[in-house]
Amino acid sequence: MSAPAGLPVLPGTVSPAGQPATLGVMGGGQLGRMFVHAAQRLGYFTAVLDADPQSPAGRVSHHHIQTGYSDPAGLAQLAGLCAAITTEFENVPAGALQTLAASRPVAPGAAAVAIAQNRIDEKSHFTACAEVAGATCAPYAVIETPAQLQAVAADLLPGILKTARMGYDGKGQVRVKNAAELAAAWADLKQVPCVLEKLMPLRAEYSVIVARGWDGTVVSFPPQRNVHVDGILAVTHAYASNMPAAQAERAQAATKNIANHLNYVGVLCVEFFVVDDGSTHGGLIVNEMAPRPHNSGHYSIDACDVSQFDLQVHAMAGLPLPAPRQHSPAIMLNLLGDVWFDAAGQARTPDWQAVLALPGTHLHLYGKPDARPGRKMGHITITGADVAGVLAVARRAAELLGLPGMDA
Ligand code: ATP
Ligand code: MG
């Protein structure tokens with residue numbers, strides 16, 4: 001695909017009409033906030049569309065359009081302000097991205113985002129490019145009708161029933177042991193379209209983040225190892241020894257292929273499982289993708305020469321895509337709202353004094369006004385000269401804050 005008219009958007013320029021080069025983002029969460037920071041550092045003005053007056057990205061952006069994602073006036077205002085537009089929230093209605101794309105370059109495009117929004121379409125895409133991608137999905141069945149429920153093969157159980165749409169952080173998922181539990185779970189989910197996935201014996205979870213440009217250039221971060229607690233990412237390990245080299249190459253190649261087959265433009269994250277049964281593609285299973293920067297890539301801000309957010313800016317604006325280079329081993333610890341409460345449930349301020357005294361700690365808080373259990377409030381990245389040192393500091397930080405996941 002060649003770049004649409006209007007690209008590249010050169011940083012720091014002003015149009016003849018006096019409009020500073022402005023980049024826009026659909027969604028105002030923490031991913032949008034880190035995008036805004038990256039864009040502003042390059043000299044761009046930014047615009048965020050999010051209905052929440054206190055959204056993390058809206059509060060740090062030059063412009064904050066406070067409307068719903070499909071509001072015609074809001075979309076028109078965003079297109080009027082911005083030379084190019086991206087998204088930070090995968091459930092932005094694809095129709096809204098299509099509307100914007102009629103007048104402005106939008107990356108990623110509506111078609112790719114629509115596939116990532118629906119697990120059924122996503123799995124079809126993975127299956128369609130499985131051979132070239134070098135990784136397959138876990139065995140699964142689509143359940144949209146009672147007949148499909150009845151026809152589920154016994155060897156898919158025990159499994160995980162996942163809604164086709166709107167799942168995140170383990171929401172919209174039910175673990176089921178047998179056919180009766182499966183039927184009950186689907187009824188509880190109001191019989192919306194679902195996939196049933198076989199429960200796999202996970203040895204480890206990884207993700208790979210790539211950025212692809214309008215000209216088809218793809219650059220990749222190395223695979224990160226991710227530890228989830230209660231379905232939410234808790235810890236990301238980002239250093240070379242976290243995955244055997246051949247498997248890491250395979251996962252990166254698979255992610256690039258998936259991006260190429262979508263004709264994708266922007267930052268894409270693909271999540272992988274590694275299972276003990278090495279018979280299929282070396283035990284590499286592709287789980288799902290996110291059409292945006294990913295929580296597991298936040299370490300790249302502090303540990304790489306270009307971050308996933310820098311590459312999001314470059315890709316959408318039609319700037320060159322330099323291959324990222326990681327200069328320090330890193331561990332990222334997610335800070336959920338739980339950290340703001342003590343064991344008795346009393347509100348507290350975490351002991352930042354102690355944490356920030358540790359070498360190589362980088363605290364990122366997203367500016368969310370109210371801490372709630374399970375809510376992503378921020379993260380800490382720990383960098384250092386070697387993996388052993390980074391692990392030791394991360395363990396100490398986790399201990400000081402009562403964070404789970406450093407033992408996995
Ligand atoms: P997120 O958006 O936070 O990545 P999600 O809600 O979209 O999560 P998944 O990534 O599909 O959901 O699943 C969440 C977690 O549940 C996975 O990271 C993994 O730990 C576990 N899990 C999901 N599918 C399977 C499976 N088939 N077998 C074993 N464990 C699984
Ligand atoms: Mg996931």
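Buried means under 20% relative accessible area, exposed means over 50%, and partly exposed lies in between, with a 1.4 Å probe and protein chains only. With that in hand, strand 6 makes a friendly starting point in this predicted model. Gly159, Leu161 and Thr163 point one way from strand 6, Ile160 and Lys162 point the other way, and all are buried. Strand 6 is thus mostly covered, with 5 of its 5 residues buried. Helices (H or I, at least four residues) and strands (E, at least two) are DSSP runs, numbered from the N terminus.

A word on conventions helps here. Residues are numbered from 1 along each chain as its sequence is written, while chains are lettered from A and ligands numbered from 1 in the order in which they are written. Local features need pLDDT of at least 70, side-chain atom pairs count only at pLDDT 80 or more, and totals for chains, interfaces and linings use all residues, with side-chain values using heavy atoms and leaving out hydrogens and water.

The sheet around strand 6 comes next. Strand 6 belongs to an open sheet of 4 strands in the order 5-8-6-7, with antiparallel pairing; two strands pair if DSSP finds at least two bridges between them. The edges are strand 5 (140–143) and strand 7 (173–176), each of which pairs on one side only. From one strand to the next, the twist averages 20°. Axes are lines fitted to C-alpha atoms, for helices over the stretch in contact, and angles run from 0 to 180 degrees between N-to-C directions.

On one flank, strand 6 (residues 159–163) pairs with strand 7 in the antiparallel sense over 4 bridges. Here Leu161 has Val174 of strand 7 as its bridge partner, and Lys162 stands opposite Gln173 in strand 7. Strand 6 and strand 8 also run antiparallel and are joined by 5 bridges. In strand 8, the residue opposite Leu161 is Leu196.

Two helices pack on this sheet, where contact means heavy atoms within 4.5 Å. Helix 5 (residues 119–128) touches strand 5, strand 6, strand 7 and strand 8 (194–198), and its direction makes about 50° with that of strand 8. Helix 8 (residues 179–188) packs on the sheet as well, touching strand 5, strand 6, strand 7 and strand 8; the direction of helix 8 makes about 165° with that of strand 7.

Elsewhere, helices meet one another. The axes of helix 1 (residues 30–41) and helix 11 (residues 308–317) come within 8 Å and cross at roughly 70°. Helix 1 and helix 11 are therefore roughly perpendicular to each other. For such angles, under 35 degrees counts as roughly parallel, over 145 as roughly antiparallel, 65 to 115 as roughly perpendicular and the rest as oblique. The crossing of helix 1 and helix 11 is right-handed; a crossing is right-handed if the near helix is turned clockwise from the far one by less than a right angle, and left-handed if anticlockwise. Leu31, Met34, Phe35, Ala38, Ala39 and Arg41 of helix 1 meet Phe309, Asp310, Gln312, Val313 and Met316 of helix 11. This contact has 8 nonpolar, 1 polar and 2 charged residues. Ala, Val, Leu, Ile, Met, Phe, Trp, Tyr, Cys and Pro count as nonpolar, Asp, Glu, Lys and Arg as charged, and the others, Gly among them, as polar.

A second crossing involves helix 2 (residues 72–81) and helix 3 (residues 94–101), whose axes come within 10 Å and cross at roughly 45°. Helix 2 and helix 3 are therefore oblique to each other, and their crossing is right-handed. Leu75, Leu78 and Ala79 in helix 2 meet Ala96, Thr99 and Leu100 in helix 3.

Some individual residues round off the picture. Thr22 lies in strand 1 (residues 22–26) and counts as buried at 1% relative accessibility. Cis peptide bonds join Leu7 to Pro8, with omega about -5°, and Ala107 to Pro108, with omega near 0°. Lys190, in the loop between helix 8 and strand 8, has a positive phi of about 60° although it is not a glycine; Lys190 is exposed, with a relative accessible area of 69%. Asp230, in the loop between strand 11 (224–229) and strand 12 (232–238), likewise has a positive phi, near 55°, and counts as exposed at 74% relative accessibility.
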